Amino acid sequence: MTDTLQKLAAIIEERKSAAPDSSYVAQLHHKGLEKILAKVAEEADETIEAAREAEVNGDLDHVIYETADLWFHTLVMLAKLETGPDAVLAELERRFGVSGLDEKASREQS
């Protein structure tokens, strides 16, 4: 699983400095962080709606498709901020063995 994220992150990294007319990733990076964030928000909304539909009709294809779009655009955002999936995966790894309730409580105290 991490191989797929790392491969995709490498492609995004490679394309982000290309000419904007040569790559969708380059276009997004050229337009700046706010455009990328707007795409993340749009994809999050579409994923939420697809999940609602999936609960009703039991068909997961659409929610999987939209989640892939969300993950992709999130990786583009991370690349714009000069980081990638390894940092997120490390944070998830850090949370193993920590109660979700305890982790949430520690954030609320900060």
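The legends below describe close-up views of a predicted model.

**View 1. Helices α3 and α4 pack with their axes within 8 Å.**
Helix α3 covers residues 33-57 and helix α4 covers residues 61-80. Their axes cross at roughly 160 degrees. Because angles over 145 degrees count as roughly antiparallel, α3 is roughly antiparallel to α4. The crossing of α3 past α4 is left-handed. Sorted by class, the residues in the contact of α3 with α4 are twelve nonpolar, five polar and seven charged.

**View 2. M77 and its contacts outside the local sequence.**
With neighbours within four places in sequence set aside, M77 is in contact with L33, I36, L37 and V40. M77 and I36 are also among the residues with the most contacts inside the largest nonpolar core.

**View 3. The largest nonpolar core has 13 residues.**
The residues with the most contacts inside this core are I12, V25, I36, F72, L75, V76 and M77. Four helices, α1 (2-15), α2 (24-31), α3 and α4, each supply at least two residues of the core. Helix α4 gives the most, with seven residues.

**View 4. Helices α2 and α4 cross at roughly 50 degrees.**
The axes of α2 and α4 come within 11 Å. At this crossing angle the two helices, α2 and α4, are oblique to each other. The crossing of α2 and α4 is right-handed. On the α2 side the contact involves Y24, V25, L28 and H29, which meet F72, H73, V76, A79 and K80 of α4. By class, the residues of the contact of α2 with α4 divide into six nonpolar, two polar and one charged. Three residues named here, V25, F72 and V76, are also listed among those with the most contacts inside the largest nonpolar core.

**View 5. A41 in helix α3.**
The relative accessible area of A41 is 39%. A41 is classed as partly exposed because this value lies between the 20% limit for buried and the 50% limit for exposed. A41 and G84 are 43 residues apart in sequence. In space, the C-alpha to C-alpha distance of A41 and G84 is 18 Å.

Methods
Residues numbered from 1 in each chain as written. Predicted model: local features only at pLDDT ≥ 70, side-chain atom pairs only at ≥ 80, totals over all residues. Heavy atoms only, no water. Axes fitted to C-alpha atoms, helices over the stretch in contact; angles between N-to-C directions. Parallel < 35°, antiparallel > 145°, perpendicular 65-115°, else oblique. Left-handed = near helix turned anticlockwise from the far one by under 90°. Nonpolar A, V, L, I, M, F, W, Y, C, P; charged D, E, K, R; others polar. Buried < 20%, exposed > 50% of the residue type's maximum accessible area, 1.4 Å probe, protein only. Core = buried A, V, L, I, M, F, W, Y, C linked by side-chain atoms within 4.5 Å. Contact = heavy atoms within 4.5 Å.
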